[in-house]
Amino acid sequence: MAQPPPVKLPRDILSEQQIADRAEAVRLQHDPSDQIPVPIDTIVEFGMGINIVLAMGLEAVGGDEVDGYLTPDLQEIRIDQHSFLHMPQRCRFTLAHECGHVVL
């Protein structure tokens with residue numbers, strides 16, 4: 001079965017303040033409680049409707065620096081299973097980073 005073509009995203013050049021404002025708007029929309037740590041996994045899955053999928057051996061595909069990626073259809077964030085189970089802070093960072101690709 002052929003895969004659909006990747007989604008073409010607009011490419012705006014944003015200032016650091018514009019990026020911070022967009023991130024804060026998404027956080028407030030999906031988590032107005034202002035809790036720390038921000039429940040990024042809940043925001044991604046339930047607020048934004050993006051599935052979090054565990055994947056084994058992502059480092060074999062992209063090297064030691066790959067802990068996760070956003071699929072071209074913007075429907076899933078695939079997270080390295082080892083990172084998910086043993087490095088929760090890194091996993092949270094990866095989810096937030098990939099979420100940023102969608103938001104920005």
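This passage describes the fold, core, largest pocket and loops of a predicted model. Local features are reported only at pLDDT of at least 70 and side-chain atom pairs only at pLDDT 80 or more, while totals for chains, interfaces and linings use all residues. Residues are numbered from 1 along each chain as its sequence is written, and side-chain values rest on heavy atoms, with hydrogens and water left out.

The chain holds 5 helices and 3 strands. Both are DSSP runs numbered from the N terminus, helices being H or I over at least four residues and strands E over at least two. Along the sequence, the pattern is α-α-β-α-β-β-α-α. The chain has 104 residues, and 24% of them count as buried. Buried means under 20% relative accessible area, exposed means over 50%, and partly exposed lies in between (1.4 Å probe, protein chains only). Contacts, defined as heavy atoms within 4.5 Å, often span the sequence: of those between residues at least 6 apart, 53% join residues at least 24 apart.

The largest nonpolar core contains 10 residues. Such a core is a set of buried Ala, Val, Leu, Ile, Met, Phe, Trp, Tyr and Cys residues joined through side-chain atoms within 4.5 Å. Its members are Ile 40, Val 44, Ile 50, Ile 52, Leu 70, Ile 77, Ile 79, Cys 91, Leu 95 and Cys 99. Two or more residues come from each of α2, β3 and α5. Helix α5 gives the most, with 3 residues. Leu 70 touches Glu 76, Ile 77, Glu 98, His 101 and Val 102, leaving aside neighbours within four places in sequence.

Two cysteines of this core, Cys 91 and Cys 99, were examined further. Cys 91 counts as buried because its relative accessibility is 5%. Cys 99 is likewise buried, at 6%. A disulfide is a covalent bond between the sulfur atoms of two cysteines. The criterion used here is a pair of cysteine sulfur atoms within 2.5 Å. A search of the whole structure finds 0 disulfides.

Cys 99 also belongs to the lining of the largest pocket. The pocket search ran on a 1 Å grid over the protein atoms alone; a pocket is an open set of points with protein on both sides within 12 Å along at least five of seven lines, where a cavity is a set in which a 1.4 Å probe fits but cannot get out. Lining residues have an atom within 4 Å of a point. The largest pocket encloses about 290 Å³, taken as the space filled by probe spheres set on points joined across faces, edges and corners. Its lining has 14 residues, and Ala 23, Ile 40, Ala 96, Cys 99 and Gly 100 lie nearest the centre. At least two lining residues come from each of α1 (16–30), α2 (40–47) and α5 (88–103). The most come from α5, with 6 residues. By class, the lining divides into 11 nonpolar, 1 polar and 2 charged residues. Here Ala, Val, Leu, Ile, Met, Phe, Trp, Tyr, Cys and Pro are nonpolar, Asp, Glu, Lys and Arg are charged, and the others, Gly among them, are polar.

Helix α5 also carries Arg 92. With a relative accessible area of 29%, Arg 92 is partly exposed. Arg 92 touches Pro 37, Val 38, Pro 39 and Ile 40, not counting residues up to four places away in sequence. Arg 92 and Pro 39 are 53 residues apart in sequence, yet their C-alpha atoms are 8.6 Å apart.

Backbone exceptions occur in two loops. Most residues other than glycine have a negative phi, and most peptide bonds are trans. In the loop between α1 and α2 lies Pro 37, joined to Ile 36 by a cis peptide bond with omega of about -5°. That loop also holds Asp 34, whose phi is positive, near 65°. Asp 34 is exposed, at 51%.

The loop between β2 and β3 includes Leu 74, which has a positive phi of about 65°. Thr 71 is placed in the loop between β2 (68–70) and β3 (76–80). Its 7% relative accessibility makes Thr 71 buried. Thr 71 touches Glu 76 and Arg 78, not counting residues up to four places away. Gln 75 also sits in the loop between β2 and β3, and is partly exposed at 44%. Beyond its neighbours within four places in sequence, Gln 75 contacts Gly 49, Ile 50 and Asn 51. Gln 75 and Asn 51 are 24 residues apart in sequence and 6.2 Å apart in space, C-alpha to C-alpha.
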